[in-house]
Amino acid sequence: MQTAPLRQSDSATRGRRARRAVMAGLAAAALLGAWVAADTGRADDSRSDASPAAHGRVRTEYGTPQPLGDGTVRVYSQRRGSRPLTLGYAFSAAALRNLPKEGDGKLCYDVNGDGRTDRATECVDEVETALDLPKGFRENVGGPFTWAQLTWDPRGHPPESYGIPHFDFHFYIQDEAAVRRIRTGPCAGLMNCDDLKTARKPVPERHMPARYMDMGAVVPQMGNHLMDMDAPEMHGKPFTRTFMYGAYDGRISFYEPMISKEWIEGLANGRAGGCMPVKKPEAWAVSGWYPTEYCMDYSRATRQYTVSMSGFTHREATP
């Protein structure tokens, strides 16, 4: 007499369990979908992640190494198909030893017209190293970044807050040949006066990240530097690391993590590395993959430092 009700109860229990399993499966699928969407880092990307180019194994590739100190530096990238994951500089611990104590004397101008150039007052006090991006990155990812330039500032530069030894890690959007045409001259920063005006041509507000300003820090064969007014060094704190945007002729021309030598060396002595957010504008003048953070790290296994951009998102141009 009780067997039938028991069979009915077992059936109901199995039904409830089946429904719970279905609901759990649906929830898991939804969670996985959300994770995949977050992992793309580009909710506004018009390209579908179903494309084979967005998947596959991660490739780590390197550009041509160049001498730096007692070591070398090169650009590296990580990508999955045509989607960039990381673009950065890799340099050995030895690269921070025996760095030049003064500029290379390549950017000079005879301001007073006496027929010679004074290294102390008529030359830009820095050492520049041009670097190519990895071939796989150039051929599969494309723009907007096309080359890189590392600048070593042995005594820092104006404004006073940046007057300590540091590195400028430039990632250029502007063509290298065009950058090389930014001339020296008698105007501020040893700039050609016409090129100085071009460098300071205002960037449209929609292409300017919030709270970045033109402070007139223009450098020959480099461009203008737009500074973050919220950076700690702008409020009386010591400079350690910051992120600058470059500009020329009314367009964003480069992205630049700028980091003190002392702070980088600290990564090998126990200082925690990690990533910092990159402030973004409302719109972009050039379509391509743009970072949302910049990162710094040190590997004890390889005795190698890295300074990189990551969290890439694809943006469509809206001039």
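# A viewer tour of the pockets, cavity and cores

Start by selecting β11 (241-248) and β13 (274-277): each of these strands gives at least two residues to the lining of the second largest pocket. You're looking at a predicted model, so keep that in mind at every stop.

**Stop 1: the second largest pocket**

Stay where you are and show the pocket itself. Its volume is about 260 Å³. There are 17 lining residues, and if you want to centre the view, pick Asp228, Pro232, Arg241, Met276 and Tyr294, the ones closest to the middle of the pocket. Which strand gives the largest share of this lining? That's β11, with three residues. Colour the lining by class and you get ten nonpolar residues, five charged and two polar.

**Stop 2: Asp230**

Next, click on Asp230, in the loop that runs between β10 and β11. Is Asp230 buried, partly exposed or exposed? Asp230 has a relative accessible area of 40%, so it counts as partly exposed, since that class covers the range between 20% and 50%. Now show what surrounds this side chain. Setting aside residues within four places in sequence, Asp230 contacts Arg211, His235 and Lys279. Draw a distance to one of those partners: the C-alpha atoms of Asp230 and Arg211 lie 6.8 Å apart, with the two residues 19 places from each other along the chain.

**Stop 3: the largest pocket**

Now select His157, Pro158, Gly189, Val218 and Val219. Of the 25 residues lining the largest pocket, these five lie nearest its centre. The pocket takes up about 470 Å³. To see which elements build the wall, select β9 (212-219), β10 (223-228) and β12 (251-260), the ones that give two or more residues to the lining. β9 makes the largest contribution, five residues. By class, the lining splits into 15 nonpolar, five polar and five charged residues.

**Stop 4: the cavity**

Time to go inside. How many cavities of 30 Å³ or more does the structure hold? Just one, and its volume is about 40 Å³. To find it, select the residues around it: Tyr245, Tyr255, Val278, Lys279, Lys280, Pro281, Trp284, Tyr290, Pro291, Thr292 and Arg315. Seven of the lining residues are nonpolar, three are charged and one is polar. You've already met Lys279 in this list, as a contact of Asp230.

**Stop 5: the cores**

Keep Tyr255 selected, because the next stop starts from there. Along with Phe91 and Phe145, Tyr255 has the most contacts inside the largest nonpolar core, a set of 48 residues. Show the neighbours of Tyr255, leaving out those up to four places away in sequence, and you'll see Phe145, Phe169, His170, Phe171, Ile173, Phe243, Met244, Tyr245, Trp284, Tyr290, Pro291 and Met309. Then switch to a second, separate core of nine residues, with Leu107, Leu190, Val219 and Phe254 among them. Val219 should look familiar from the centre of the largest pocket.

**Last stop: the whole chain**

Zoom out and switch to cartoon. The chain runs through five helices and 17 strands. Of its 319 residues, 44% are buried. Turn on contacts between residues at least 6 apart in sequence, and 58% of them link residues at least 24 apart. Finish with the surface: about 16200 Å² is exposed, and carbon and sulfur atoms supply 53% of that area.

Conventions:
Residues are numbered from 1 along each chain as its sequence is written. This is a predicted model: local features need pLDDT of at least 70, side-chain atom pairs count only at pLDDT 80 or more; totals for chains, interfaces and linings use all residues. Side-chain values use heavy atoms; hydrogens and water are left out. On a 1 Å grid over the protein atoms alone, a cavity is a set of points where a 1.4 Å probe fits but cannot get out, and a pocket is an open set with protein on both sides within 12 Å along at least five of seven lines; lining residues have an atom within 4 Å of a point. Grid points are joined across faces, edges and corners, and a volume is the space filled by probe spheres set on the points. Ala, Val, Leu, Ile, Met, Phe, Trp, Tyr, Cys and Pro count as nonpolar, Asp, Glu, Lys and Arg as charged, and the others, Gly among them, as polar. Helices (H or I, at least four residues) and strands (E, at least two) are DSSP runs, numbered from the N terminus. Buried means under 20% relative accessible area, exposed over 50%, partly exposed in between (1.4 Å probe, protein chains only). Contact means heavy atoms within 4.5 Å. Accessible areas come from the Shrake-Rupley method with a 1.4 Å probe; for residues, only the protein chains shown count as cover. A nonpolar core is a set of buried Ala, Val, Leu, Ile, Met, Phe, Trp, Tyr and Cys residues joined through side-chain atoms within 4.5 Å.
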